[in-house]
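Here is a friendly tour of one protein chain, from its surface down to a single helix. Have the structure open as you read.

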Amino acid sequence: MTLIKSISGIRGTIGGKVGDNLTPIDAVKFASAYGIWLKEQRNKENYRVVVGRDARISGEMIQNLVMNTLVGLGIHVIDLGLSTTPTVEVAVPMEHADGGIILTASHNPKQWNALKLLNAKGEFLNAAEGARILEIAEADQMTFAEVDNLGKITKNEAYMDIHIDEVLKMPLVNKKAIKEAKFKVVVDGVNSSGGIIIPLLLERLGVEAVKLYCEPTGHFPHNPEPLKEHLQDLSAMVVNEQAHFGIAVDPDVDRLAFVDENGDMFGEEYTLVACADYVLSKTPGNTVSNMSSTRALRDITEKHGGSYEASAVGEVNVVELMKKNNAIIGGEGNGGIIYPELHYGRDALVGVALFLSLLAEKGMTTSALRGTYPNYFMGKKKIDLSPGLDVDGILKAMEERYKNEKLTTIDGVKIDFSESWVHLRKSNTEPIIRIYTEAPSQDEADGLADKIISEIKAVANI
């Protein structure tokens, strides 16, 4: 059982001992610290926080604990109920709120949940802000409101529809072409809120949606990370239904993957590549993704006359570099699309609308579209961290071992070879070292990952 405090929020498994897991006590503690931090940002009479959750089983319990903790601090809460991460991000500035909290553990299995924390812009907190909240939590010196100054909870369950409205208002969404294309699409909503909002979006666009695992029960029918090995049912249904393609999202709907008409993966890394290709063809500019994402985005960006930069892993890092470089689209290779036209956050709805526009205008099959992009192959593996393992020492040893290659060390160690690369980093969300590789073939990518894993094990004596 685990409790992880990081740049990605407060994440842990439900149950167990206080301080070791995400127990009710821990939920209250960190919600309190967040509320105190909000009050430090500016002195005002009324504070407002937007709160939403995905459909996981523990969501309602954790949300009630968090909301009533904020009420106890004298903070008013806008309760979106069942929602998505990008929906909450959109709602925060629209509500003129001081911040937002999403209760979701993203792609983690059902025993996990988390508090994802937003600022007044509806964007994730940076490392310094997150560190301050942890400092407040550990000091354990919160002061709560007196009875006449308690906050109130106001329900607003309209924001899924409002979010869809905002997506459809984006100038590059070609609603006419999409409707005329008469698409048929299978949606795997992993029995969470994506099973509600993605079919609603498709319906508004005139797309026939075939639902698979779209009941928001929180009982995930497969591992909720939208990877090939978890999407066999989606692939089979796309073929059986003779659909144009399939859509898979994670439980909080900030990651997006496609399956082509043959049931083959379009490639989670290529979700961003395709959407960027469409956006850059209309509005040339710069792009950003993280260091663990495919080189194909760089190639597409340069083809359209723009420049590409890579950030440290973590949405907040991508957003920071996007702002610095005036990027018009960016994101992460895990299927996370960040399009500032709407907001600075990963948003599967934005990705679906842009991808449909691209496919409708191109007039080609999904597999044919994939064939127009550079062909790189990714390897993603991990090493579980045993207690006391010196991760920094391991990364330093690997840096020394490859000192004659091109190295980037802003986030772990990335080694760039002429035809491939490998990125080693400690996860923000799980007790593991992640190993990402990319090469001209899958065998080369997997072989490079296996080679690096063997070297790490030798260095660490594991």
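## Surface and charge

This is a predicted model, and its chain exposes an accessible surface of about 18,500 Å². Carbon and sulfur atoms account for 48% of that area.

As for charge, the chain carries 48 positive and 64 negative charges. Their mean positions lie 1 Å apart.

## Overall shape and fold

Along the principal axes, the C-alpha atoms fit a box of roughly 65 × 60 × 40 Å. The radius of gyration is 22 Å, which agrees with the value near 23 Å that a compact globule of 462 residues would have.

Within that outline you will find 15 helices and 20 strands. Of the 462 residues, 59% are buried. If you count contacts with a separation of 6 or more, 67% of them join residues 24 or more positions apart.

## A look at helix 2

Now zoom in on helix 2, which covers residues 59-72. From first C-alpha to last, its 14 residues reach 20 Å, close to the 20 Å expected at 1.5 Å a residue. Just after helix 2 comes glycine 74, with a positive phi near 85°.

Which residues of helix 2 are buried? They are Gly59, Ile62, Gln63, Val66, Met67, Thr69, Leu70, Val71 and Gly72. An α-helix has 3.6 residues a turn, so residues three or four places apart point the same way.

The cover over these buried residues includes helix 1 (24-41). Several strands also contribute, among them strand 3 (48-53), strand 4 (76-82) and strand 5 (99-103). Strand 6 (112-118) and strand 7 (153-155) are part of the cover as well.

Technical notes: Residues are numbered from 1 along each chain as its sequence is written. This is a predicted model: local features need pLDDT of at least 70, side-chain atom pairs count only at pLDDT 80 or more; totals for chains, interfaces and linings use all residues. Side-chain values use heavy atoms; hydrogens and water are left out. Helices (H or I, at least four residues) and strands (E, at least two) are DSSP runs, numbered from the N terminus. The radius of gyration is taken over C-alpha atoms; the globule rule is 2.2 Å times the number of residues to the power 0.38. Buried means under 20% relative accessible area, exposed over 50%, partly exposed in between (1.4 Å probe, protein chains only). Contact means heavy atoms within 4.5 Å. Accessible areas come from the Shrake-Rupley method with a 1.4 Å probe; for residues, only the protein chains shown count as cover. Lys and Arg count as positive and Asp and Glu as negative; His and the chain ends are not counted. The place of a charge is taken as NZ of Lys, CZ of Arg, CG of Asp or CD of Glu. The expected span of a helix is 1.5 Å times one less than its number of residues.
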